[in-house]
Structure formats: C-alpha cells, structure tokens
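User: Please take a close look at a single strand and at what it pairs with, and then place it in the wider assembly. I would like one connected account.

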Protein chains: 2
Amino acid sequence: MNAALDNIRVVLVGTLYTGNVGSACRAMANMGIHHLRLAAPNLQNSWEEGERLAVHAIDILHAREEFASLEEAVADCVAVVGTTAREGLYRQHVKAPRDCAADILSLAETGPVALVFGREDKGLLNDEIAQCTHLIRIPVDEGYTSINLAQAVLITCYEFFAASGSYQPPREKAPPTPQAQKMQLMKNWAKMLVEIGFMKEEQTDHFMQGFHRVFSRGVFTKDDAALMLGVARQAVWAKQKAAAASV
Amino acid sequence: MNAALDNIRVVLVGTLYTGNVGSACRAMANMGIHHLRLAAPNLQNSWEEGERLAVHAIDILHAREEFASLEEAVADCVAVVGTTAREGLYRQHVKAPRDCAADILSLAETGPVALVFGREDKGLLNDEIAQCTHLIRIPVDEGYTSINLAQAVLITCYEFFAASGSYQPPREKAPPTPQAQKMQLMKNWAKMLVEIGFMKEEQTDHFMQGFHRVFSRGVFTKDDAALMLGVARQAVWAKQKAAAASV
C-alpha cells in the first residue's frame with residue numbers, strides 16, 4: 001500500500017449514472033486508489049448497474065462517502081485537483097496529468113488530496129472550478145474531446161499510479177546474453193552453415209553480417225542464445241551422422 | 001490526422017459483450033485512432049448497448065471489419081502487438097506500453113500495426129500470443145490486476161496518442177511576469193503595507209520575505225501581477241482618501 005496513493009480521494013460531483021460510478025471503482029482498484037466520495041450525486045438509475053460494473057471493486061463502492069456539496073466533500077483536503085475538458089477564463093492554468101501528477105502526489109504525502117470529476121453532461125461548474133487548487137485536462141484528439149467519466153477517472157488514476165513509482169515495467173526473466181556467448185554463437189553458426197552447404201567458407205564474412213543483423217535486433221537473452229546454439233549443434237550432428245551412414 | 005496513428009488497427013479477439021466494443025470505439029476516437037477489427041467475435045448481446053456506449057464514435061463501430069480468426073485479421077500488419085495481463089513462458093518479453101509505444105509507432109509509419117486485445121474472460125490464448133511480434137502489459141496494482149477490456153484499449157491508445165506527439169500539454173495563455181514587474185510588485189506592496197499600518201517601515205525586510213514566498217509559488221503571470229498591483233494601488237488610495245476626508 002503506497003501511503004500517498006492511499007491519501008487520494010476520488011470525488012465525483014453530481015454524477016448521473018451508477019454504471020459510471022461502478023466502472024470508476026474498478027479503474028481506481030486497478031490503479032491502487034481506494035477512497036471514493038460522491039458530492040451531490042444526482043443518480044438517475046438503480047445501483048444494480050453500478051454494482052455489476054464495479055466487479056471485484058465492489059468494496060470501494062460500498063465504502064463510498066456521500067456529501068451534500070463539493071465544498072463539504074473536500075473540506076479536509078490539502079489539495080483539490082479539478083478535471084476539465086473545457087476552455088475558459090478560469091480554466092487557463094490547466095496542466096496535463098502526466099506533467100503534474102508527481103508534484104500533486106508529493107502533497108498527498110502530507111494529507112488527503114481530492115481528484116474531482118464533474119457531471120457526465122456538464123462537467124464542473126464555475127463555482128466548483130473556483131474551489132480547485134489545481135486543474136488538469138486529459139490530452140485528447142481534437143476530433144472527439146468528450147471523454148467518458150469512468151475513462152477520465154482511469155487515465156487520471158493511471159497517471160498518479162505511474163507517478164507513485166508503483167509502475168513497475170515488467171522485466172525479462174532471462175538475463176541478456178553476454179558478448180562472449182554471442183560471439184560463440186556466430187562462430188558455431190558459421191561452421192554449421194558451411195558444414196550443411198548453406199554457404200562456402202569464403203562467403204562467411206558476407207553471410208554472417210546478415211545473421212549478425214538478425215541476431216542483434218533487440219535484446220538477445222541467454223535462453224535465446226542457448227536455443228540458437230542448439231540448432232547449430234544439431235544441424236552439424238545430423239549432417240555428419242547422415243554422411244557417416246552413407247559411407 | 002497523424003499518419004502513424006491512422007495506421008493503427010485495434011483488433012478485438014473473441015469479444016463477448018457489445019458494450020465493451022462500443023466503449024472501446026469511444027476511447028479510440030478520444031485518442032485519434034479510428035480503425036477497428038473484430039477477430040472471431042463471440043458476442044452474447046445485441047448491438048443496442050454497443051451503439052449506445054459508442055456515442056459519437058458510432059462511425060468507428062459501423063466501419064469495423066470482421067474476420068474469422070486473429071491470423072486473418074492481422075495478415076497485412078507489419079507488427080502485431082498483443083496485450084496480456086498474465087505471466088508465463090511465452091509472455092516473458094512483455095513491456096509496459098509507455099516504454100515501447102514510440103518504437104512501435106515508428107513501425108506504424110511503414111505499414112498497418114495491430115493492437116490486439118483478448119477475450120473479457122480468458123484474454124489471448126497461447127496460439128494467439130505466438131502470433132504477436134510484441135507483447136505489452138498495462139501496469140496495474142497487484143491487488144486487482146483484471147482490467148476491463150475497453151479500459152485496456154483506452155490506456156493503450158492513450159500511450160500511442162502520447163507517443164505520436166499529438167499530446168499537447170495545455171499552456172497558460174498569459175505570459176509569466178518578468179522579474180522587473182515582480183520587483184515592482186514587491187516594492188508597491190511594501191509601500192502599501194506601511195501606508196495602511198499592516199507593518200512598520202523597519203519591519204519591511206522581515207514581512208516582505210513572507211510575501212515573496214507567497215508570490216513565488218509556481219508561475220506568476222502578468223495578469224496575476226497586474227491584479228496584485230491593483231490591490232496595492234487601491235489600498236493606498238482608499239487610505240489616503242479617508243485620511244483627507246477626516247481632516
């Protein structure tokens with residue numbers, strides 16, 4: 001559990017559809033963020049859809065806190081981060097989430113930080129924007145700027161998760177092959193390719209440049225090298241065995 | 001229209017629910033990606049939900065191409081990028097989308113590139129993974145690693161959109177205030193604060209360090225400086241006018 005992420009409060013203002021709340025819960029859980037607040041919810045359908053879409057993040061949905069207004073929902077927060085898709089006088093200092101998540105997360109180490117998302121149809125109103133200490137706008141294609149509420153929650157939480165250092169790029173389990181093993185591989189392949197008649201000995205330099213190119217794309221692991229060494233060994237063995245049999 | 005993004009094909013394999021297809025269409029449109037392919041779709045409900053959730057990305061849904069298998073769906077592609085949440089022998093060389101999107105997008109400048117997403121319940125099968133030239137895994141919290149199909153499409157497309165350079169961080173419209181204006185602001189405030197009796201002249205250095213701290217948080221624009229200069233001017237004027245009236 002990352003302490004700063006645990007201080008994040010996702011605050012949905014005036015939300016209309018329970019499905020978006022449920023999908024937001026799942027997105028939050030995927031990104032290690034667990035505290036949901038609803039401010040002045042205006043739900044138009046039953047919780048059935050919301051509970052279905054929350055799937056295994058149902059505990060976040062059930063533990064939600066509800067408030068009569070945004071003001072009450074963020075009263076204990078040291079930073080209030082509004083999300084907006086629109087332009088306007090009071091929305092000039094917006095940043096992309098990737099460009100400010102790390103700074104805001106530092107604030108979350110000192111106290112609760114609200115990530116605030118507006119209504120599906122109208123977003124955050126000017127008097128709600130005025131309560132925000134930070135504003136973010138998710139970069140989107142100008143051909144379709146209206147992003148679904150739960151999708152906006154996902155990308156925002158994803159950027160905070162990434163900024164928290166919890167973002168662990170997967171690592172190849174096999175170590176990369178050392179240069180000596182690569183050179184051994186090229187040497188054994190050259191021998192094998194001559195032995196099976198793929199190339200003449202004097203063509204070695206020419207053809208091996210081509211194989212070097214193939215074997216040098218991206219990282220070559222010890223497992224990869226062992227596999228290709230096995231091919232060379234077996235081809236030589238098969239050819240020599242066949243030759244011996246035909247004598 | 002970014003040419004490389006336009007070469008991206010989102011390929012959904014064996015998808016079960018039209019709602020996920022519709023939500024994926026909207027996520028694609030938000031990120032400037034417009035070509036959808038369904039491989040061996042296994043849809044369990046009507047298109048009504050899918051069309052509702054596609055909203056204004058309905059054109060992507062209607063223009064989708066359908067194929068009997070993944071093999072046919074990616075036959076023309078120069079790179080086949082599989083997404084996987086699972087670990088396993090054939091899934092060791094996965095990368096996070098942020099770490100490989102730029103390289104893969106370079107390939108998309110040369111021809112169609114498939115981003116492949118598996119079934120809601122079982123993901124991509126081993127024989128499908130075997131057809132992929134690249135594998136990516138979205139970093140998620142280990143407490144809840146199962147990510148919704150449309151949410152996975154969104155984050156992947158978001159990373160390719162970001163890598164395309166179409167990601168334009170919003171810029172503050174007012175320029176930052178130049179140092180000379182900042183110094184003028186401090187000078188006028190110091191005068192005003194003595195004039196209204198907030199501090200004595202000899203306390204100026206001490207108090208102005210505090211105000212300097214307040215005015216130095218983040219970027220201070222010309223508009224911000226003009227606003228605060230106005231406060232100083234008005235406070236001095238109001239005090240002098242009241243003093244004159246009381247004589």
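Analyst: Two strands are taken to pair if DSSP finds at least two bridges between them. The model is a predicted one, and the strand chosen here is E4 of chain B, residues 79-83.

On that basis E4(B) has a partner in strand E6 of chain B, residues 134-136, with which it pairs in the parallel sense over 3 bridges; within this pairing, B:Val81 stands opposite B:His134. E4(B) is also joined to strand E5 of chain B, residues 113-117, by 4 bridges, and these two strands likewise run parallel. Here the residue to look for is B:Val80, which stands opposite B:Ala114 of E5(B).

The surroundings of E4(B) can be read residue by residue. A residue counts as buried if 20 or more other C-beta atoms lie within 10 Å of its own, and 5 of the 5 residues of E4(B) are buried, so that by this definition the strand is mostly covered. The cover extends to both faces: B:Ala79, B:Val81 and B:Thr83 are buried on one side, and B:Val80 and B:Gly82 are buried on the other. B:Val81, the residue opposite B:His134, and B:Val80, the residue opposite B:Ala114, thus belong to opposite sides of the strand.

Turning to the wider assembly, chain A can be laid on chain B with an RMSD of 0.1 Å by a turn of 180° and a shift of 0.0 Å along the axis, which is the relation of a two-fold axis. Between the chains, 35 residues of chain A are in contact with 36 residues of chain B. On the side of chain A that touches chain B, the elements giving two or more residues are helix H2 (18-30) and helix H8 (149-163) of chain A, and by class that side has 17 nonpolar, 11 polar and 7 charged residues. Because 100% of the interface residues of chain A are also interface residues in chain B, the copies meet through the same surface.

The largest nonpolar core has 116 residues, of which A:Met28 and B:Met28 touch the most other members. Leaving aside residues up to four places away in sequence, A:Met28 touches A:Val10, A:Ile33, A:His34, A:Leu36, A:Ala57, A:Ile60, A:Val153 and A:Cys157.

Finally, chain A is divided into domain 1 (3-163) and domain 2 (179-246), and the centres of these two domains, taken over C-alpha atoms, are separated by 57 Å.

Methods. Residues are numbered from 1 along each chain as its sequence is written. Chains are lettered from A and ligands numbered from 1 in the order in which they are written. This is a predicted model: local features need pLDDT of at least 70, side-chain atom pairs count only at pLDDT 80 or more; totals for chains, interfaces and linings use all residues. A residue is buried if 20 or more other C-beta atoms lie within 10 Å of its own, exposed if 12 or fewer, and partly exposed in between; C-beta atoms are placed from the backbone. Copies are superposed by least squares on the C-alpha atoms of residues with pLDDT of at least 70 in both. Two residues are in contact if their C-beta atoms, placed from the backbone, lie within 7 Å. Domain bounds come from an automatic or database domain assignment. Ala, Val, Leu, Ile, Met, Phe, Trp, Tyr, Cys and Pro count as nonpolar, Asp, Glu, Lys and Arg as charged, and the others, Gly among them, as polar. A nonpolar core is a set of buried Ala, Val, Leu, Ile, Met, Phe, Trp, Tyr and Cys residues joined through C-beta atoms within 7 Å.
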